[in-house]
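Biologist: I'd like to go through this fold with you, strands and side chains alike. Could you put it on the screen?

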Amino acid sequence: MPFTHRIATPEDIPALTAIMNSSIAELQKGFLTEAQITSSRTVMGIDTQLIEDGTYFVVEEDDEIAGCGGWSRRATLYGGDHTPGREPALLDPAKDPARVRAMYTNPAFARRGVGRLILELCERAAAAEGFTALELMGTLSGEPLYRTYGFEPVERITDDRGGAPVPLVRMRKAVTV
């Protein structure tokens with residue numbers, strides 16, 4: 001059965017948080033140490049602003065959440081509700097790239113097209129609002145997917161706000177839909 005998708009609602013938050021926690025714990029293995037995985041929880045997680053803005057997608061198979069992710073017209077590049085340094089200012093589609101945000105795959109659905117579907121949904125929605133570029137802050141485990149989708153690395157950073165330094169890569173692509 002093909003995946004379906006819908007816009008997330010506040011009622012989804014507990015289930016989405018569980019998917020995010022599972023994704024962080026399982027899909028970062030092989031890319032990050034246990035200390036980095038623990039540290040990454042400071043800069044990853046639920047961003048309820050995306051849900052409030054109606055820009056966060058839930059991908060499902062039958063009634064099971066296969067993944068989630070969204071895009072934003074706001075300046076915050078990455079991080080959850082609890083992450084310091086968030087910037088809710090609205091972006092200008094004429095000059096700023098839309099942000100692809102908070103992508104997580106249920107480990108039971110990894111490498112089955114969930115991430116690609118979310119990227120397609122985000123790109124179409126951002127294009128409909130006049131954005132001509134997308135930007136994201138990716139994890140090392142997500143970088144291969146983003147490259148395959150056309151994103152190019154712009155900058156590599158480490159975020160140590162959670163203790164251990166977590167490597168991240170800022171990536172960008174032109175909107176092509």
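Biologist: Let's start in the middle. How many bridges hold β3 and β4 together, and in which sense do they pair?
Modeller: It's a predicted model, where local features need pLDDT of at least 70, side-chain atom pairs count only at pLDDT 80 or more, and totals for chains, interfaces and linings use all residues. Residues are numbered from 1 along each chain as its sequence is written, and side-chain values use heavy atoms, with hydrogens and water left out. Strands here are DSSP E runs of at least two residues, helices are H or I runs of at least four, both numbered from the N terminus, and two strands pair if DSSP finds at least two bridges between them. For β3 and β4 (residues 98-105), that gives five bridges, antiparallel.

Biologist: And on the other side of β3, what sort of connection leads over from β2?
Modeller: β2 (residues 56-61) and β3 are antiparallel too, over six bridges, with Glu61 standing opposite Glu64. Two residues sit between the strands, and Asp62 in that turn has a positive phi of about 55°. The connection is a hairpin.

Biologist: Is β3 mostly covered or mostly open, and how many of its residues are buried?
Modeller: Buried means under 20% relative accessible area, exposed over 50%, partly exposed in between, with a 1.4 Å probe and protein chains only. By that cut, β3 (residues 64-72) is mostly covered. Of its nine residues, the buried ones number eight.

Biologist: Cys68 has caught my eye. Which residue is its bridge partner in β4, and how accessible is Cys68?
Modeller: In β4, Cys68 has Tyr104 as its bridge partner. Cys68 counts as buried because its relative accessible area is 0%.

Biologist: How far from Cys68 is the nearest cysteine sulfur?
Modeller: A disulfide would need a pair of cysteine sulfur atoms within 2.5 Å, and the whole structure has zero. Cys68 is in none, and the nearest cysteine sulfur belongs to Cys122. Cys122 is in no disulfide either, and is likewise buried, at 0% relative accessible area. The distance from Cys68 to that sulfur is 11 Å.

Biologist: Zooming out, which strands stand at the edges of the sheet?
Modeller: Seven strands make an open sheet with mixed pairing, in the order β1-β2-β3-β4-β5-β7-β6. Two of them have a single partner strand each, so one side of each is left without a neighbour in the sheet. Those two are β1 (4-7) and β6 (152-159).

Biologist: Which residue in β5 is the bridge partner of Ala98?
Modeller: β4 and β5 (residues 133-139) run parallel and are joined by two bridges. For Ala98, the bridge partner in β5 is Leu134.

Biologist: Now the charged side chains. Which residue does Glu61 meet in a salt bridge, and at what distance?
Modeller: A salt bridge is a side-chain nitrogen of Lys or Arg within 4 Å of a carboxyl oxygen of Asp or Glu, and the count here is 18. The Glu61 pair links distant parts of the chain, from strand β2 to the loop between β4 and α4, 51 residues apart. Glu61 counts as buried at 17% relative accessibility, whereas its partner is partly exposed at 41%. The partner is Arg112, N to O 2.6 Å.

Biologist: Glu135 in β5 has a partner in β4 as well. Are the two buried or exposed?
Modeller: Glu135 forms a salt bridge with Arg99, with the closest N and O atoms 3.0 Å apart. The two are 36 residues apart along the chain. Relative accessible area is 3% for Glu135 and 11% for Arg99, so each of the two counts as buried.

Biologist: Which residues are linked with Arg99 and Glu135 in a network of salt bridges?
Modeller: Arg99 and Glu135 both belong to that network. The others linked there are Glu155, Arg170 and Arg172.

Biologist: Which helix holds both Glu143 and Arg147?
Modeller: Glu143 and Arg147 form a salt bridge, the closest N and O atoms being 3.1 Å apart. Glu143 is buried at 10% relative accessibility, while Arg147 is partly exposed at 41%. They lie four residues apart, about one turn, in helix α5.

Biologist: Last one: what share of the whole protein is buried?
Modeller: The protein has five helices and seven strands, in the pattern β-α-α-α-β-β-β-α-β-α-β-β. Its C-alpha trace spans about 40 × 40 × 30 Å along the principal axes. Of the 177 residues, the buried share is 50%.
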